[in-house]
Amino acid sequence: MKINERVNKLRQLMKDKGITAYIVNTGDPHQSEYVADYYKGRIWISGFTGSAGTVVITQEEAILWTDGRYFIQAEKELKGSEYKLFKIAIPGFPTYTEWLRDNLNNGDAIGFDGKVFSQFAVENLEREFKDKDIKFIDEFDLVGEIWNDRPSLPKEEAFIHELKYTGKTGKEKIEEVRTEMRKQGVDYCLIGSLDDIAWLYNIRGRDVSNNPVVISYALISMDKAYLFTDKEKINTDVESFLKENEVGIAGYSEVIDYIKKIDKNSKVYIDKNRINRWIYKAIPSECKIVEGTDITTSLKGIKNPIEIQNQKNAYIKDGVALVKFLYWLDKNVGNIPVTEVSAQEKLLEFRQEQEGFIEPSFGTISAYKENAAMMHYSASETSNAEIKEEGLYLVDSGGQYFDGTTDITRTVVMGPITKEEKRDFTLTLKGHINLGNARFLYGATGHSLDVLARYPLWQEGIDYKCGTGHGIGYLLNVHEGPHRIAPVVNTVILEKGMVVSIEPGVYKSGSHGIRIENIVVVDEDIKTDSGQFMKFETLSFVPIDLEGVDVELLSEKERIWLNEYHRDVYNKLESYLDQEEREWLKNETRSI
């Protein structure tokens, strides 16, 4: 069935249900960024495969909204269908709620699947239409009704994340949550976020590709803790482990029954961004709702010393895999056919050689020349460029290890490049160094530091339409809050122990894409009369291609940073390499 045929079938269902406009978001019942195949309805109805997007369908229109990471990709993937692309945060394009407000009339009805729509999103819609007589119909999964070959829900078993990796028991973490609950004056904490639940109970799973989580809910009171999940996923070892940590186990759908039985005089803490409409409506109406970011999100965002040390170990292993890959790439491109797909497969082989590797932490971005201008490009059978001895090749990849989650991007000079490409590469590097080498006063947020990475690019009239950095999970989601480095306002203070990426870039449609990404951990620096200053400690150790650097554009301070960084790369990795790889790495990390 072609995309337009799917849209027309959906429109017929909309007529039958009395729905004027139907919204299909990117999400599952837990508001996850990446979802199990069962929940990829937005991809199925639109053909757009990016990780973020919202579809609105009426009898006359089909529109997709997505952000700057995906503009180029979306234009390609929507081609040939009736969909229009609306660009988020670009002047001239309304938000989907604004568009609905401007195009619907009194008496019309908006439909959506309340099981995959957050309560926050629903309340946002209600505010948008407070002055209009619009009906909301939230009980129908219309895409699911016409999706005949829909994948089944995952059934993989959960597994234990051992104390030697986590540094704290599940029981200890539950008590930390209860301490915060007392501060908030609440009786229950209801959690829908999958990575928060996995962190809290020290379990992991295989329910979402590259995200080691278990599809579940959690409910914490002052004397009980529950995990609601498909019991087939809980083997005897995990069951015993959870019981040792005083966690009760119930079926996934039983969460509704437990919520309905909450004492009506209780105060319930929830994150409306992570609790779906269906769950929210089950909370007794007499309960007082206390809302905020999930308590667990703030707790897991600050890594403990054992987690940080393990994470450092994971990045050494990951650096070894990347160096072996870059050496292989250097020796083979031009001698044998190497494509974007075969290159990413080879990189996976090198990661699989590392102890404790489980799976990639996200779909590898293996992008040659103009394909790299699409920030989240994905090579496939239909788009699989051959890598040649010219131009730039970008590889953004990561791994899930028992001792951490990794993420790194390197842009590689494959042969002759233009003056523009070399300038853009150097400007990106300058931005990376400017932020990575920053000293900042405690209390700073990622919002206040973002400009440091953009400044060298802005001086040349260049910008990138995405954030500069995101939090990194710990054998969890590669994108993790509550902190981030981005132009949008974020009031979360960068605390000691927070792990975050630094990844400025240049993206020029039809030409090239450049990104240089390292992962850093926030640490304390000097303390003066002005207060406690903070710094970033680098976790990633992989050479930055010196062939892309115009040394004349670097300041003396920047050259010193690059030379010292490369010295550390060589010293930390050389003992894990064979003689030829060491010699290659020695040249790649030479002083400039």
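**Notebook: a sheet, a helix and two residues**

I started with the sheet: six strands make an open sheet, ordered β4-β3-β2-β1-β5-β6, with mixed pairing. I then looked for its edges, and these are β4 (84-87) and β6 (135-137), each of which pairs on one side only. I also checked the twist: neighbouring strands here are turned by 20° against each other on average, ignoring direction. A reminder to myself that this is a predicted model.

Next I went to one end of the strand order. Strand β3, residues 62-66, pairs with β4 in the parallel sense, and I find four bridges between them. Within this region, T66 stands opposite K87 of β4.

What lies across these strands? I found helix α4, residues 96-103, lying across β1 (21-24), β2 (54-57), β3, β4 and β5 (109-111). Its direction makes an angle of about 10° with β2.

Then I moved along the chain to D523, which sits in strand β27, residues 518-528. Which residues does D523 touch, leaving out those up to four places away in sequence? I noted K496, M534, K535 and E537. For K535 I looked up the spacing too: D523 and K535 are 12 residues apart in sequence, with their C-alpha atoms 5.4 Å apart in space.

My last stop was N332, in helix α14 (residues 305-332). Is N332 buried or exposed? It counts as buried because its relative accessible area is 16%, and the cut-off for buried is under 20%. I also followed the side chain of N332, which reaches the backbone oxygen of W328 at 2.7 Å.

Note on methods:
Residues numbered from 1 in each chain as written. Predicted model: local features only at pLDDT ≥ 70, side-chain atom pairs only at ≥ 80, totals over all residues. Heavy atoms only, no water. Pairing = 2+ DSSP bridges. Axes fitted to C-alpha atoms, helices over the stretch in contact; angles between N-to-C directions. Contact = heavy atoms within 4.5 Å. Buried < 20%, exposed > 50% of the residue type's maximum accessible area, 1.4 Å probe, protein only. Polar contact = N/O pair within 3.5 Å; in protein donor to acceptor, adjacent residues only side chain to side chain.
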